[in-house]
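Let's take a walk through this structure, one piece at a time. Have the model open and ready to rotate.

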Amino acid sequence: MKQSILSWLMLSFPLFAFRPAQDILISGKIIDAANGTPVAGATITIKGTKKSTISLADGSFSIKIPNEKTVLEVSAVGYEKHQLKVKITNAPLVVRLRALVNKLEEVVVTGYGIARKDDMVEYSAPALRSSGYYAPQQLMGRVAGVSIQSRDKAKQADGYADTFNRNNNNFNTEEYDNIVENRFLTVMNNPLSTFSIDVDGASYSNVRRFLQMGQMPPPGAVRIEEFINYFHYDYPQPQNDDPFSINTEISSCPWNTKHRLVTIGLQGKKIPVENLPASNLVFLIDVSGSMLEPDKLPLVQSSMKLLVDQLREKDKVAIVVYAGNAGLVLPSTPGSEKQKIKDAIDALEAGGSTAGGAGIELAYKIAKQNFVNDGNNRVILCTDGDFNVGPSSASDLEQLIEEKRKTGVFLTVLGYGKGNYSDSRMQKLANIGNGNHSYIDNYNEARKVLVSEFGGTLFTIAKDVKLQVEFNPSRVQSYRLIGYENRLLNKEDFNNDLKDAGDLGSGHTVTALYEIIPVGVKNDFEEKVDSLKYQRPTKLTSNASSPEIMTIKFRYKKPDADVSKLIEHPVIDENIDINKTSLNFRFAAAVAEFGMLLRNSEFKQQSTYDNAWRLAKGGLGKDKEGFRNEFLKLLQNAESITKTGTIDEDEDVSRE
């Protein structure tokens, strides 16, 4: 018997001796070193591995580490990259990031840059064993092995007990419209191309969320025009009384050098904040049960407080909320009473169903009651779009918004969250409401939309802006508008002032790209049509022999006008070597190429992630806020997911 036990122990000893140590779950908070505000969207990576997590709206994060010798790398857009050694104690882990000043290009991209020796600081963190710890939805799957002992522990640990079932059901009801890509059209049969501008950037920030989570986005989420217009371009300010300057450039097409690529760029007049008209704002905030998660109502509250900080004494704000019913939380209050407005925002709590229609009705009513003549009257809707009580069908809500826009009140739609995010619905509401649509996935995005782009987001300088391009058939055989599929107009709509179109904000830039097949180049996309029996194509005029490749017409209205103004802009056929094109041209082309790759477009031709990366790298420019460098990282994430199904955090960003 003793011999049997001894033999068993000898055989079992290696199993005990080499059993891997249990991982330790730590949590902490990322804050701004200068002002102590939380840093959302920071990436925390275990050095030397691909294991990472992202900080939430309040800067909090959790991650499992193997031992006390673990080194964490922390990076965030606009901050210096930081490395720290983790020492397990009972004190909380707080990571302070220094704002980036002169070294943006070195550190914006996750997992890259060179750590300096003086950045290695010892921090202490509480050791949270997995038993009983509740991981918010954003961390599920990243913190493997977490067992939730009870609903009470979840509520005590995180305060979001009502998200417990949602996290474990793992369903997804996000809504995206199907996009039928624009095709190549022959100039002889389709000489005119007409569309509305689009200044939204929601598609890009939403897709960024997918790629940062290691997932490819659904094709319907990729609106290439919104990818392009997410970024600011260095176009000159208008020099006349028109509200925007017009800028064009032509070169060879990067993904098919036999074709040409034309960029059309508009630069909205930048109006100093102190000269902007007084604002009458109504925050319309969804506080239904679907807004419980940290990346929803808590992020909404952080976002709105950022906006409150931008208000002037002559501005005023009211707050309307809706769940099962709609209610007025704060009557119209001067911008000078910032603390009063912030206290009302902080007091909001989520729960109940979603009566979106009732909330919209009340918000417009309050906005009309406090209407400012010659001012900026606007409802700012913050929601995940999950309307389910009252007028909630797409047609009902669209009809409601269409009626309300006649009051002179504009609409800004800010989307939040995931799992039930209704992108298609919010896109439609913003389009119909003479407004714009942004997706806020983290605190930095809120700061971009509501602080850096404050004027463009909230102050319209030209409304119903339309473009109509006439191509010269002696130079252009066929053309394709890249993106803008849901902004196309009939040719007759261009001169119809009753036809709604997109609006341009103070300082906003808008860029559109056409891929052109010149006359004499083989058209691989030509779709044969039988000859007509009763007519022949019209003859060319004498103007066809001019050096013009196209003429662009623009129509716009002043914010308070009902009659449009016309601008004409002929474009001379100049083929610039792509290496000599502007930074604007190269970066916009790279973004378009990336969008086609994500959509697996039938028109991507010779597009590659590597080509798009190199084109974007050559068009980075100053990149003060780091968003273009972040774009390089997203390119690599998408390429890595396509090849391996995962994000390769260790890939070298330099691609030498």
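A quick word on terms before we start: a residue counts as buried when its relative accessible area is under 20%. Keep in mind, too, that this is a predicted model.

With that cut-off in hand, go to helix α14, residues 583-599. Of its 17 residues, 16 are buried, so under the 20% cut-off the helix is mostly covered. From first C-alpha to last, α14 reaches 25 Å, close to the 24 Å expected at 1.5 Å a residue. Just past the end of α14 you'll find N600, which takes a positive phi of about 50°.

Now swing over to the sheet. This one is open and has six strands, in the order β16-β15-β14-β17-β18-β19, with mixed pairing. At the edges sit β16 and β19 (436-439), each pairing on one side only. On average, neighbouring strands here are turned by 15° against each other, ignoring direction. Zoom in on β14 and β17 (residues 376-383): these two pair in the parallel sense over seven bridges. If you want a spot to check, I285 stands opposite C382 in β17.

Packed on this sheet is helix α8, which touches β14, β15 and β16. The direction of α8 makes about 165° with that of β16. Which residues of α8 (residues 338-346) are buried? They are I341, K342, A344 and I345. Look down the axis of α8 and these buried residues fall within an arc of 155°, so they line one face of the helix. Their cover includes β14 (279-286), β15 (316-322) and β16 (326-334), along with helix α7 (297-308).

Conventions:
Residues are numbered from 1 along each chain as its sequence is written. This is a predicted model: local features need pLDDT of at least 70, side-chain atom pairs count only at pLDDT 80 or more; totals for chains, interfaces and linings use all residues. Side-chain values use heavy atoms; hydrogens and water are left out. Helices (H or I, at least four residues) and strands (E, at least two) are DSSP runs, numbered from the N terminus. The expected span of a helix is 1.5 Å times one less than its number of residues. Buried means under 20% relative accessible area, exposed over 50%, partly exposed in between (1.4 Å probe, protein chains only). The arc is that of the directions from the helix axis to the C-beta atoms. Contact means heavy atoms within 4.5 Å. Two strands pair if DSSP finds at least two bridges between them. Axes are lines fitted to C-alpha atoms, for helices over the stretch in contact, and angles run from 0 to 180 degrees between N-to-C directions.
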